[in-house]
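Good morning, and thank you for making time for this presentation. I would ask you to keep the structure in view while I speak.

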Amino acid sequence: MHHPHSTPRRPRQLLLSALCALTLLAQGLPAAAQAASSYQQPSAAVRELLDAPNLPRQLISPDRQTLAQLGQRRLSNVEELARPMLRLAGLRFDPGNASPQAGAPLQSLSLRPLLDPQAPEREISLPAGGAFHAFHWSPDGKRFLLTRRTPQATELWVGETAGGALRQIKGLKLNLVLAPLEPVWLSPNEFLVLAVPASRGAAPTPPKAPSGPTVQESFGRNSPERTYPDLLKNSFDQALLDYHARSQITAVNLATGALRALGEPGLFSALSSSGEGAQTVLLSERLSRPFSYSLPWEDFPRTVELRSRDGAVLRELAKVPLKQGVVLEGVVTGPRAFFAAPGKNAAVFWVEALDGGNPNTKAPHRDRLMRLDPPFKGEAQEVQRLAQRFVRLSFLDDGQNALLTELDRQKSWLRTSLQPLAGGPGKTVFDHSLRERYRHPGVPQTRMLANGRQAVIAAQGELLLAGPGASPQGERPFLDRLSLKDLSVQRLFQSDENAYEQALLVLDKGRLLTQRESANQPPQLILRSGAGFEEERVLTQAKDPSPQLRKIRRELITFKRADGVDLSFWLYLPPDYRTGERRPALAWAYPLEYTDASTAGQVSGSANRFTSISPLSPLMLLMDGFVVLSDATMPVVGDPKTVNDSFVEQITMNARAIIDKAEELGVVDPKRMAVGGHSYGAFMTANLLAHTKLFKTGIARSGAYNRTLTPFGFQSERRSLWEAQDVYLKLSPFLYANQIKEPLLLIHGEADNNSGTFPMQSERLYQALAGTGGSVRYVTLPFESHGYTARESVGHVQWEMSQWLKTQLGDPRAPR
């Protein structure tokens, strides 16, 4: 018997490939070997939308006096993506400017008084010579910070709010490899950043030949690891990471422009402060060895230290170990998740596991919260024990309390307590399902403190909660006041039924700042006052960047699947749709897991949202005449541990119900329906084509199709391949490629950086379909990651999807 990959089998493989190519040519599509050598342009209507400007991003100063409006270029370009980039330990960064791969830069910046709509906007001139990106207000609102990226450095620029003049901090090169720019303010005129060490020499040069093999070992200890991209491969990779990620804590004096290095350089991944003035302490985290060849940098060992405001180490708090040998969804033992209290009290907090870090172990408590006070000499005190796994700690601005959130993994349930930071019993404030929409209490509002840190507003013992106000009729955003004393809730504001209006800030003198939009009006800032905030004054007048979208019709459609679970989708009709037509349609979806049917049926979104279409959205197909069923709910309901046992059956039920409802509405031809999705939605698409005959074609972008290549869990799956082999095999459409007879369009970024969705997933599915006589087109996008960002790539993707649907479903505008 010949080996499957030996020479005698190749003629048959070539014959199958040739047959596949002939099939594609017969359909009017190029075979893989004859694929277009240049980027294709979408239709003029889609191109116009893609090139329309974004609505300006609006940022209000911490003193609530000034409004900054940022105009950001909508898309980057392939030339920018093609810049030299290092991929190390799960990181991707430009070695020239020590910064992650850049997104679209700022094109404009203007300032104006927040509450005076008649005041002229002051345009801030952005100097040429680089691309400006991040924007940060100073805590007092008198200044703002910008970064500018050049091929040689990431610079820091400072602007004066009053005059708008920009100036560069000379001699400073930021290092953003391990942490984004988060200034640590020591005073109104001084803050800390992470910078490229001034003494850094030349980068390591690759050896002419390896010094030896790369060796990994594991002896008798379970160490289940997810599949990660861009991991370290050898000692040279380790040297490169150590060189490029090493940074210097640097103090910047805005009054003089002077720079001051604090302590020694290190692989700093986090820096924050606590306390005020001379009592200020710094909490730093830095990576330490040994590095790993099987884990990303976030799981490397870390040294956590307390430092004086001058950078001197006061105490080593912990050496967090390499996250190896930790069970799926487990945590490391010992101290983890460190926090510096943001206010005057210079205490530090952290979390420790009480169940050995293993969620499968039965234990009365899973975690405990610890506290250490100045002068940081003795033992830490236990603040609280948590019955479930710690999620987050949000400090209140009263300096005495925090909101402590834990997750019941078995029930997918969140509980948030008001926790006294001095210790003692907490009081449950919120208690709801992880995916709760209708009963969601809202998000506590925060404000910026003098050190630039955020803290939850707790004026007079009350929280301000803002939420989307989801309901079966759609979302109506609200603002509530919750008393921490008796947990009573008072509704301060709720959007009316004819608009989508979100509360942003409660101002003095009984005034409220909101943002209001409608289906035909872009978001505007509104100042409300008077009884019930009924008086209003419009503060901004945004211009509609895409008026052609106002002709699109949108409607929320609700229905049930066969077992009674509520489903929904947003029905979008193209601008030229005529009543009575049945057009070809695309159903676009993303599966989500739920523990109960009632939560699974909850809808989100509002018909009053201002219609805007993101560049990669399938809604762009509306401009080419297709009907789109967007955000089609695709719930998978069951016990979190075994929910995937019925994944195929449940998505099949969902799909049947979606098609039946679309046919009932009379706007869709059920015989000309496509299904599509991105990432886990692509995985869903391939499974629907493999196990059903419901759709005529599919579009799968950046998905995973062979679950044996993600053997230690995927999405919400908690079991390994060896614990649930049947499930992994059943949910691998790659293994059912011979059953996929409907044409499938595969699209993938060649540099996909998402765990589990390596480009090999699409490559292997393409080969399987081609080898078994399927109809498939596989498009690889140069330099693109899990999401596509370049103008050329996005335009080509929209062209591919439109051409594919026209070929497989027919011209939507052609009479039938």
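Before the first topic, one term is needed: two strands are said to pair if DSSP finds at least two bridges between them. Please also bear in mind that what we are looking at is a predicted model.

Let me begin with a sheet. Strands 12, 13, 14 and 15 form an open sheet in the order 12-13-14-15, and their pairing is antiparallel. Which strands stand at the edges? They are strand 12, covering 184-187, and strand 15, covering 259-266. Each of these has a single partner strand, so one side of each is left without a neighbour in the sheet. From one strand to the next, the twist averages 25 degrees. As general background, strands of a sheet pair through backbone hydrogen bonds, in either a parallel or an antiparallel manner.

At one edge of this sheet, strand 12 is joined to strand 13, residues 190-195, by 3 bridges, and the two run antiparallel. If you locate Trp-185, you will find that its bridge partner in strand 13 is Phe-191.

I turn next to helix 4, which spans residues 235-245. Is this helix mostly covered or mostly uncovered? It is mostly covered, as 8 of its 11 residues are buried. Those buried residues are Asp-237, Gln-238, Leu-240, Leu-241, Asp-242, Tyr-243, His-244 and Ala-245. Their cover includes two strands of the sheet just described, strand 14 (247-253) and strand 15. It also includes strand 3 (86-88) and strand 4 (91-94). At the start of the helix, a side-chain oxygen of Asn-234 reaches to within 3.1 Å of the backbone nitrogen of Phe-236.

Asp-242, from this helix, leads us to the salt bridges. Its side chain meets that of Arg-246 in a salt bridge, at 2.9 Å from N to O. Asp-242 counts as buried at 18% relative accessibility, whereas Arg-246 is partly exposed, with a relative accessible area of 28%. In general, side chains of opposite charge can pair when their charged atoms come close.

How many salt bridges does a search of the whole structure find? The search finds 51. Let me present two further pairs and one network.

The pair Lys-693 and Glu-742 forms a salt bridge in which the closest N and O atoms are 3.8 Å apart. Lys-693 lies in the loop between helix 7 (680-691) and strand 43 (697-701), and Glu-742 lies in the loop between helix 8 (725-730) and strand 44 (744-749), so the pair ties together parts that are 49 residues apart in sequence. Lys-693 counts as exposed, at 57% relative accessibility. Glu-742, at 11%, counts as buried.

The side chains of Glu-717 and Arg-719 also meet in a salt bridge, at 2.8 Å from N to O. Here Glu-717 is buried, with a relative accessible area of 2%, and Arg-719 likewise counts as buried, at 10%. As for the network, salt bridges link Arg-336, Asp-355, Arg-366, Asp-367 and Arg-389.

A further polar example is Glu-536, in strand 37, residues 535-538. This residue is partly exposed, with a relative accessible area of 40%. Its side chain makes polar contacts with the side chain of Arg-516, at 2.9 Å, and with the side chain of Arg-528, at 3.1 Å. Leaving aside neighbours within four places in sequence, Glu-536 is in contact with those two arginines and with Ile-526 and Leu-527.

Finally, I come to the nonpolar interior. The largest nonpolar core has 60 residues, and those with the most contacts inside it are Leu-629, Phe-695 and Leu-746. Beyond its neighbours within four places in sequence, Leu-629 is in contact with residues including Phe-569, Trp-570, Ile-658 and Met-673. Another core, of 34 residues, lies apart from it, and among its members are Leu-586, Leu-616, Leu-745 and Val-794.

One more buried residue deserves a look: Leu-109, in strand 6, residues 106-113. Its relative accessible area is 0%, and it is buried. Not counting residues up to four places away in sequence, Leu-109 touches, among others, Leu-70, Ile-124, Phe-135 and Phe-144. Leu-109 and Glu-298 are 34 Å apart in space, C-alpha to C-alpha, and 189 residues apart in sequence.

That concludes the tour, and I welcome your questions.

Key: Residues are numbered from 1 along each chain as its sequence is written. This is a predicted model: local features need pLDDT of at least 70, side-chain atom pairs count only at pLDDT 80 or more; totals for chains, interfaces and linings use all residues. Side-chain values use heavy atoms; hydrogens and water are left out. Helices (H or I, at least four residues) and strands (E, at least two) are DSSP runs, numbered from the N terminus. Axes are lines fitted to C-alpha atoms, for helices over the stretch in contact, and angles run from 0 to 180 degrees between N-to-C directions. A salt bridge is a side-chain nitrogen of Lys or Arg within 4 Å of a carboxyl oxygen of Asp or Glu. Buried means under 20% relative accessible area, exposed over 50%, partly exposed in between (1.4 Å probe, protein chains only). Contact means heavy atoms within 4.5 Å. A nonpolar core is a set of buried Ala, Val, Leu, Ile, Met, Phe, Trp, Tyr and Cys residues joined through side-chain atoms within 4.5 Å. A polar contact is a pair of N or O atoms within 3.5 Å; within protein, one must be able to donate a hydrogen and the other to accept it, and residues adjacent in sequence count only if both atoms are side-chain atoms.
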